[in-house]
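Student: Please pick one sheet in this model and take me through it closely. I'd like to hear how the strands line up and what packs on them, and then how other pairings in the chain look.

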Amino acid sequence: MSTSSSVQQIPDTNDTCILVFECEYSEAAKSVIDLIDTLSSRTGNPIVYVASHTDGTKASEALRVGASGYFPLDDYADPDNELNEWLQEFLANHSKVGNDYEDNNFVSTIRDISQAIAASNSDFETLINRLLKIGENILDSEASVLSHIDGNQYEFEVLRSSGLPLDAGDVYSLEDTYCKRTVSDKQTTALPDVERDAPDLATLGAYTDLGLVSYLGVPVEVNGDIYGTFCYFDTNPRDEYTAQEIVLVELLGAVAETTIQRRQYEREIKTARDEVEDILARIQDGFFAVDNNWDFTYVNQTAAELLERPAGELVGTNVWDEFPEAIQDAFYDEYHRAMDEQMPVSFEEYFAPLDIWFEVSAYPSPDGLSVYFSNVTERKRYERVLSGLLETSQATQQLTEKSALAERVVDDIQTVLGFDASAVYLQGDSDNLLKKTAGSKNLSDDIEEMMQSVAVSSFSEINQTKVVNTTTDKSKESYAVLAVPLADYGLIIIKSDSETPFTSNDIRVSELLGTTVSSALERIERQHEITRYANILETVEGMVWTVDGSGIFTLVTEPLARLLGYTVDEMIGTSFERYIQDEDILPIREMANEIRQDPTQSSQQYQTVAITADGDEIPLEIELSTFDEHSNDQEIVGIAQNISTLRAKEQQIKQERERFRYLFEHLPDPAVELEYCDNRIQIQTANNAYTDLVQTSEKDMKGEKIESMTNTLIPGDPNTFSPSTIMTQEITETTKSGRKHFLCHQIPYSISGRSRSFRIYTDITGIKRREEQLTVLHRLLRHNLRNELTAITGFAEVMMDQLEEPHREYARRVYNSGSELQELSETAKRIAETITDDPAPMDPINLTSVLSTIISKLENEFPTAVIDINFSEDVYVLADDRLDIVFEELIDNALRYVNTGNPYTEINLNQTNGAVEVEIADNGPGIDPVEWEVVTREREVTQLSHGSGLGLWLVTWLIEDYAGELDYTSTENGSIVTVRLQTTAADSFEKTSY
């Protein structure tokens, strides 16, 4: 029962006394003090703390937080103890109802409850029965029950009943019981007369079927969840349940709740204890535990033996004080990592003071660390030996002769196993006699004779590694000799030092060595046997098999078996026809019979589909032939090639061809495919745009020679276009739409030794016509405009001399406007000459030299100008002979147009990441923003915004030709124009400067 629900049910009057009991098993006395503190703050009732035993500290804490009295139960079971008298006196002093309690045997009831609690050795059901009985005596009730509720299932877990048709273990629906309200409200439910106090519950089965008309129940909670109810029933109605009766039943319920929790805790503790004891009983490794201060709290016997310290001596000491050498090893880092991260760790580490390798697993908890460890020194040595044997095994797989294998084994016995005397004895290939094939160096004759004797005598007797104790003939020295059988091939004989016997690990690794060598000997013999089939493997490629006259496999190579999902052994002895699709069985059978009937004929191929072990289908191309054309044997040799990739490639090529055909057909420009043969040109294919242009279908053109056709757009002379060169050329042809200009692109390729090419014709008629029109218009305007402007400025100059003001000013304006137009005309002429010529190849140009030449020229033209130069070393850029136009235009413009004072220009060169920036700063008015936006394409060219600065257009176009950038910034005193160009090494081409 929760504290909050209990407190809510306690009447806040002086008629009620609250007793708070502490059970013996309580592990947190603080919770009792907290409960008293809560009750004191929420009720005005006197509180008595009934403790299990005398404890002055807890008594003072209870009185401090609001307890009215304190009474220990150390000897409460004694009838002569003074609790009864003490309670009566206490109640008389704190409540006027003390006599009422005495009249109702209240003190007796408290005694009964305390005795029930004190009987902690009683089983659960007995204790609950006692509590139920106490309530029955108080209430004079007919039945009482501790129920357990699971979902909607209501069970009588412990039941006391006199005459009612109820049994412990009975199960009902919670919805048919009064307890559903107790559970729903999570508080005490008191119904002295159900029909009177809760008529809506009179329809439940508890009322209609069992005839229970009076009910008092309290909820029982365990760990915050509803466990069930503690309640009392009667078949007769009551007038009421008194406050004292309700409090006592709640107290009984609280005790029952605590009893259930205790049972649950005891079960959990027992389970955990059993598990721990079982685990500890099974531990064969060393085990110790440390607390948060790294002090040993437990050390088992195995750990003490491994650490060579008595367990009693270690417990209570600090692990790092006792083993300071471990601080420098992985032990310290891993243990701290486990505690810091609260995650288990496992590792292996060598501890030098004990000369032991440990395998360690450490498991952290908030309170400390549990460590399991074992001595794996022998295993580590064994692993090192195994690693060496692995190298031996790998090396032996490369050897093809028995003698070389035997020599390698003797060397490895010394370097890997550590034995200085050994020999390998193998049977001869012809006489089957056991002979020494290889032996350790510097073996004495006496030792060799002894080892030979052991080998001969043991070969026919042993089938597993065996230790033989023997004596030399001459020196009569005794030795332990290890005889390691090599299947039917021979033995390895290893002699141990007389002082050092063979260990179990020595025997195990020697057996592994013997197995490895036996396998290598078998492989060498098998390779020799395979060479006898070399005539088969030399005549075929790929996956190989042989079948007898009945089509049964007699030989299958591993690649073929692996492809089909079988082992070689699984396929040998089975029918070839089992592995191919049904429709190919008869054709392949007939082909094999033809080959058998005429062994001299060449091999035959057939494409089939193989069926794998998983039911998958694999396309194969098989080739069948006889094993020996001079033999009468019916055996057939076959090879197979997996053509899955070929099929997939064919499909891919088909798709690529279809995609290219679609592109070719839908290309908007006319396109044609040509083939060059015997100095003639033939059309292979043409797209729709081409056939529409020449008004001839592809069918009529295909395969025809060019010289026999008209309107092909292709010159009859193949020398016009080299058939093996990528070329672009302008051509002019008359078409159905008139005379057309085309830009013809040729892309050559070859197929099956034949030269072919694609030609694509891009119609540039409109571009050519606009070029002609612009040329004519430019020449006309430049000639006529220049002549007329010359006349205008001449007349205006005469008028300035002859007219008076203000007419003289008008004449001056006409003169200036004409001069500007003449200058503009000259700039346009210069642009035309610059941009219409084919640009020269890009070369390294000495930018420093170009700038110096231009500055010298402009200093003479503008004698009052100041030009600051901030560069000295040579800088080379990729450009051509038009580069001086760029900087002459920019610097001239900076000097020519000035706001006030003399012209001033500052020129800086900055190199960064393969580029150079030329900054030209001036004190002029700068570039008109609209003019700049038009030139940089940020604003469209219109009648209102077209840009009148032709020089700026010229600079922009040239810089773009050089793959450079032009930038402009307005400043407080003028403006800065920045040109970025790509730099290059001076010697990458022939140096050029202008």
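Tutor: Here is a walk through one sheet, followed by another set of strands and a helix pair.

First, the ground rules. This is a predicted model, so local features need pLDDT of at least 70 and side-chain atom pairs count only at pLDDT 80 or more, while totals for chains, interfaces and linings use all residues. Residues are numbered from 1 along each chain as its sequence is written, and side-chain values use heavy atoms, with hydrogens and water left out.

Now the sheet: it's open, with five strands in the order β26-β25-β29-β28-β27 and antiparallel pairing. Strands (E, at least two residues) and helices (H or I, at least four) are DSSP runs numbered from the N terminus, and two strands pair if DSSP finds at least two bridges between them. At the edges sit β26 (680-686) and β27 (727-735), each pairing on one side only. On average, neighbouring strands here are turned by 35 degrees against each other, direction ignored. Axes are lines fitted to C-alpha atoms, for helices over the stretch in contact, and angles run from 0 to 180 degrees between N-to-C directions.

Look at the β27 edge: nine bridges hold β27 in antiparallel pairing with β28 (residues 738-751), and Gln 729 stands opposite Cys 744 in β28. Helix α24 (residues 644-666) packs on this sheet, touching β25 (671-677), β26 and β29 (754-763), where contact means heavy atoms within 4.5 Å. The direction of α24 makes about 100 degrees with that of β26.

Further along the chain, β33 (residues 904-912) and β34 (residues 915-922) pair antiparallel over eight bridges, with Asn 908 partnered by Glu 919 in β34. They form a hairpin with two residues between them, and Asn 913 in the turn has a positive phi of about 50 degrees. β34 is also joined by eight bridges to β36 (residues 975-982), again antiparallel, and Ala 915 has Gln 982 as its bridge partner in β36.

For a helix pair, try α16 (residues 377-396) and α17 (residues 402-417): they pack at about 165 degrees with axes 10 Å apart. That makes α16 roughly antiparallel to α17, because angles over 145 degrees count that way, under 35 as roughly parallel, 65 to 115 as roughly perpendicular and the rest as oblique. The contact includes Val 385 and Leu 389 of α16 and Leu 405 and Arg 408 of α17.
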